[in-house]
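This report describes a single protein chain, with attention to its pockets, one covered helix and several backbone features. The sequence and the structure are shown first.

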Amino acid sequence: MSIPRILILSVWMSLALSLIVPTLRADEPDKCGYDAALSKQMLLDLGPHWGYSYDSLLIDLKRWQQSPYVTIDSLGASVQNRAIWQLTITSDLPVGDSLRQTVFLHARTHPGEVQAWWVTNEIINFLLSEDPFAALLRERCTFYIIPMYNPDGVELEYPRENAHGVDLESNWSANPVEPEVAVLRGRFSELMMSSAPIEVALNMHSSIRCKRYFVYHDEAGTSYQYTLLEQDFINGVRSYFPGGIEPWNYFVSWKSGTPNYYPESWFWLNFQEAVMALTYEDMNCSSAGKYDSTAFALLHGIADYLDVVTTIAVDRQPFRDGLELQQSYPNPVQLSGANRQATIIQYSLEKPAPVRLVLYDVLGRRIAVLDEGYRNRGVHRIFYNANNLAEGVYFYRLETVQGTRTRKLLIVR
Ligand SMILES: [Zn+2]
């Protein structure tokens, strides 16, 4: 039986296509899913400046300033010389023996995505409250928050751009960058060089897809380890808002490598796994809401990721899936001379389960199985002798049927 000519032709065509396609690098999909007509309608529905203007911010700044927990600074100016304001929220108590951990949020890169601002507003109001969890977060962390990164765009009612008509979100590889990008990049750089570098950086947007989700960075543009950390972070946040936030694989970006023009690109290219830098997308549609639930989930997810776990946090919130994996102690592990010591890794289970605790190197190779078997409910402590490990970054991962947790281990000599 002879093969029909048309089939041979189509085989040849697909072969030709398969040779051409890889040379074409697909543009990154628009994470916010901008739509001009829907955006125009949103402006009409919400009123001037999408319902929250630069003047509204100035009024709120005065109100927030009454709180003993916040400091307000202008970091620099926009194209039209409006201040880019930063809130620093932390405790007025002296720092204990460990440094506070640094969290950075910025909102309204895209002025029309005001819903992400309403989430950020809930975060600010909660952090300034007398709630015990807020007090704990202030004690253990410093939150830097830029409520309005693109004030000119807000005032001009541009949905996405600054006063030069440039989309700041994808301007990070330009030379020179826009003034607003220069301000934010300068602040990020300053903090990354400080003794308390940024560990979580959230870029607050809202999507026309009318879903809440994180923009997940694929392994092709990051690393295997980073994707484990991303999944851990996103799963953690979601567990505090069941059904409210889409799973980590809802929106996967960076499938064809690392783009160089986003703020997250800057973090990845310079600091890799050290910073959990993600875009969060709220809902840019009329059914948006539940901003307080979203803020609650984000703050608890951040706290878990940073290991801000105490009896207060645990009492207030049931174990999300019965798993806790603590930061190893000491960290970093100092392996020099007589200082050699065992590393302690602690995890806890809410109910008995088969578990495996695995150590990976930075290339994702399995170095050791630290613990494996059926374990009882409660706290388990593993003592691991890291003497034979080379200096560098490692990851340890608790794997169970309920879920996984991954944390970083640093060895220095
Ligand atoms: Zn956006």
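## Y262 and its surroundings

Y262 touches E28, P29, K31, E169, S170, W172 and W254, leaving aside residues up to four places away in sequence. The model is predicted. Y262 sits in the loop between β7 (252-253) and α9. Because its relative accessible area is 9%, and buried means under 20%, Y262 counts as buried. Its C-alpha atom is separated by 9.8 Å from that of T279, a residue 17 positions apart along the chain.

Y262 also takes part in a pocket. The second largest pocket holds about 160 Å³ of space. Its lining comprises 12 residues, and those closest to the centre are D30, R160, D167, S170 and Y262. By class, this lining has seven charged, three nonpolar and two polar residues.

## Helix α9

Helix α9 spans residues 263-271 and is mostly covered, with seven of its nine residues buried. The buried positions are P263, E264, S265, W266, F267, W268 and F271. They pack against three strands, β5, β6 (213-217) and β8 (276-283), and against the helices α7 (179-192) and α8 (224-239). Just after α9, Q272 takes a positive phi of about 45 degrees.

## The largest pocket

About 1,200 Å³ of space lies in the largest pocket. Of its 34 lining residues, Q101, E199, L306, Q327 and N331 are the closest to its centre. Three elements each give two or more residues to the lining: β5 (198-207), β11 (342-349) and β16 (404-412). The greatest contribution comes from β16, with five residues.

In its composition, the lining of the largest pocket has 18 nonpolar, nine polar and seven charged residues. Both domain 1 (36-315) and domain 2 (319-412) supply at least three residues to this lining. Strand β5 appears in two settings: it is among the elements lining the largest pocket, and it packs against the buried residues of α9.

## Backbone features in loops

Two further residues other than glycine have a positive phi, H49 and R108. The table gives their values.

| Residue | Phi | Loop | Relative accessible area |
|---|---|---|---|
| H49 | near 60 degrees | between α2 (36-46) and α3 (54-64) | 17% |
| R108 | near 65 degrees | between β3 (101-107) and α4 (114-127) | 1% |

H49 is buried at 17% relative accessible area, because the limit for a buried residue is under 20%. R108 is likewise buried, with a value of 1%.

A cis peptide bond joins N175 and P176, where omega is about 0 degrees. P176 lies in the loop between α6 (151-156) and α7. The helix that ends this loop, α7, is one of the elements against which the buried residues of α9 pack.

## The chain as a whole

The secondary structure of the protein chain comprises 11 helices and 16 strands. Of the 413 residues in the chain, 52% are buried. Among contacts with a separation of 6 or more, 73% are between residues 24 or more positions apart. The chain exposes about 18,600 Å², of which carbon and sulfur atoms supply 54%.

Note on methods. Residues numbered from 1 in each chain as written. Predicted model: local features only at pLDDT ≥ 70, side-chain atom pairs only at ≥ 80, totals over all residues. Heavy atoms only, no water. Helix = DSSP H or I, 4+ residues; strand = E, 2+ residues; numbered from the N terminus. Buried < 20%, exposed > 50% of the residue type's maximum accessible area, 1.4 Å probe, protein only. Contact = heavy atoms within 4.5 Å. Areas by Shrake-Rupley, 256 points an atom, 1.4 Å probe, with all protein chains shown as cover. 1 Å grid on protein atoms, 1.4 Å probe; cavity = no way out; pocket = protein on both sides within 12 Å on 5 of 7 lines; lining within 4 Å. Points joined across faces, edges and corners; volume = space filled by probe spheres on them. Nonpolar A, V, L, I, M, F, W, Y, C, P; charged D, E, K, R; others polar. Domains from an automatic or database assignment.
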